[in-house]
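Me: I have a new structure open and could use a quick tour. Can we go through it in short questions?

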Amino acid sequence: MLERHELEAFLTLAEELHFGRTAERLRVSTARISQTIAKLERRIGVPLFTRTSRRVELTAVGRQLYEEVRPAWDQIAAAFARAIDTGRGLTGTLRVAFVGAAGGQLLAGVAELFRRRLPDCDVRLREAQMVDLMPWLRDGQVDLALGTFPIDEPDIVTGPVLVSEMRMLAVPFQHPFARRTSVSLDDLSRVKLLQLPDTLPASLREDRTPRATPAGRPIDPGPSASTFNEMLTLIGAGHGAFPVGAQARRYYARPDVAYIPISDAPPLRWGLLWRTAGATARVHAFARAAHDLVSSS
């Protein structure tokens, strides 16, 4: 049976691939991490990492062990967090991130309902830029985030869909599409699609900015943007287009950008995200409040 400190050292090193950063995260010495991994490898009988003076990499056995152990460890951590919450009661502060004005307005309503239900638990809303949303969530700077789906990440839980809205194509105001009542997904081959930051999951980037239309026509990628306002500025300057939700017409009306419905696109879906290891009772209570609020409206 593995000891807790051995598991933590192995899983953290598998993610950091750096002994110094692993030691810093676990607040122990680098030598302690090295000794723990060496002891673990002797017990298993094969190397789990390959080490050179420049880099650390998982071996095939190490990667298999990580992929099998990580989900179980997250479940154990979440179970302990729920037990602690149950023992302490639903108190403390819940930190929730959003991107954009519409998301902030929705979460403000959820937070009000949540506080009425659990007056001993506070909610702090934080606006995140697109580039920061997933790093904040993974680093524990926030407990939940409101984002768009699909998010297909093993360490992230996606809650129920809270809002669905029509997809629209944001184009420069002088673009020929701006004079049309709608466009199709195949029309995307006639524009450059600006790209989301690579800190967002590949599943989301592939959904919002595909490389080909349904008919197989290639779509040229444009430059990437770190924030939504930066995205709109690039569009207004004629550097490309980007699929957005219908709420952008209301909250981000600009003289240099036009929003055109995409007639055959599936709706854009919004929901809450949280870490698998951070699925506390407070998190679940906030998710229930969000579901109840949108269901009653």
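Me: Is Arg-254 buried, partly exposed or exposed?

Reply: This is a predicted model, so keep that in mind. Arg-254 counts as partly exposed, at 26% relative accessibility.

Me: Which residue forms a salt bridge with Arg-254?

Reply: Asp-256 does. The closest N and O atoms of Arg-254 and Asp-256 are 3.0 Å apart. Asp-256 is partly exposed, with 26% relative accessibility.

Me: Which residues are joined into one network by salt bridges that share partners?

Reply: Glu-15, Glu-16, Arg-21, Arg-25, Arg-70 and Asp-74.

Me: And how many salt bridges does the count come to?

Reply: The count comes to 19 salt bridges.

Me: Pick one from that network. How far apart are the closest N and O atoms of Glu-15 and Arg-25?

Reply: They are 3.5 Å apart, and the two residues form a salt bridge. Glu-15 sits in helix H1 (residues 4–16) and Arg-25 in helix H2 (residues 19–26), so the bridge ties together parts 10 residues apart in sequence.

Me: Are those two buried or exposed?

Reply: Partly exposed is the label for Glu-15, at a relative accessible area of 33%. Arg-25 is partly exposed as well, at 46%.

Me: What does Glu-41 pair with?

Reply: Glu-41 forms a salt bridge with Arg-51. Their closest N and O atoms are 3.0 Å apart. Glu-41 belongs to helix H3 (residues 30–44) and Arg-51 to strand S1 (residues 49–51), so the pair links distant parts of the chain, 10 residues apart.

Me: Is Glu-41 buried or exposed?

Reply: Glu-41 is buried, with a relative accessible area of 11%. Its partner Arg-51 is partly exposed, at 39%.

Me: New topic: the inside. How many cavities of 30 Å³ or more are there?

Reply: The structure holds 2. The largest has a volume of about 300 Å³.

Me: Which residues are closest to the centre of the largest one?

Reply: Val-99, Met-130, Thr-148, Arg-208 and Trp-270. They belong to a lining of 24 residues.

Me: What classes make up that lining?

Reply: The lining of the largest cavity has 17 nonpolar, 6 polar and 1 charged residues.

Me: Which helices and strands each supply at least two residues to it?

Reply: Helices H5 (101–117) and H7 (202–208) do. So do strands S5 (144–148), S10 (242–245) and S12 (268–275).

Me: What about the second largest cavity? How much space lies in it?

Reply: About 30 Å³. Gly-159, Pro-160, Leu-162, Leu-272, Trp-274 and Ala-287 line that cavity. By class, they are 5 nonpolar and 1 polar, with no charged residues.

Me: Which strand gives the most to that lining?

Reply: S6 does, with 3 residues. Strand S6 (156–165) and S12 each supply at least two.

Me: Back to the outside. Which residues make a nonpolar surface patch of about 200 Å²?

Reply: Ile-44, Val-46 and Val-61 make that patch.

Me: Where is Val-61?

Reply: Val-61 is in helix H4 (residues 60–88).

Me: Why can Val-61 count toward a patch?

Reply: Patch residues need over 30% relative accessible area. Val-61 is partly exposed, with a relative accessible area of 37%, so it clears that cut-off.

How values were computed: Residues are numbered from 1 along each chain as its sequence is written. This is a predicted model: local features need pLDDT of at least 70, side-chain atom pairs count only at pLDDT 80 or more; totals for chains, interfaces and linings use all residues. Side-chain values use heavy atoms; hydrogens and water are left out. Patches are made of residues with over 30% relative accessible area and no salt bridge: like charges are joined within 9 Å, nonpolar side chains (Val, Leu, Ile, Met, Phe, Trp, Tyr) within 5 Å. Accessible areas come from the Shrake-Rupley method with a 1.4 Å probe; for residues, only the protein chains shown count as cover. A salt bridge is a side-chain nitrogen of Lys or Arg within 4 Å of a carboxyl oxygen of Asp or Glu. Helices (H or I, at least four residues) and strands (E, at least two) are DSSP runs, numbered from the N terminus. Buried means under 20% relative accessible area, exposed over 50%, partly exposed in between (1.4 Å probe, protein chains only). On a 1 Å grid over the protein atoms alone, a cavity is a set of points where a 1.4 Å probe fits but cannot get out, and a pocket is an open set with protein on both sides within 12 Å along at least five of seven lines; lining residues have an atom within 4 Å of a point. Grid points are joined across faces, edges and corners, and a volume is the space filled by probe spheres set on the points. Ala, Val, Leu, Ile, Met, Phe, Trp, Tyr, Cys and Pro count as nonpolar, Asp, Glu, Lys and Arg as charged, and the others, Gly among them, as polar.
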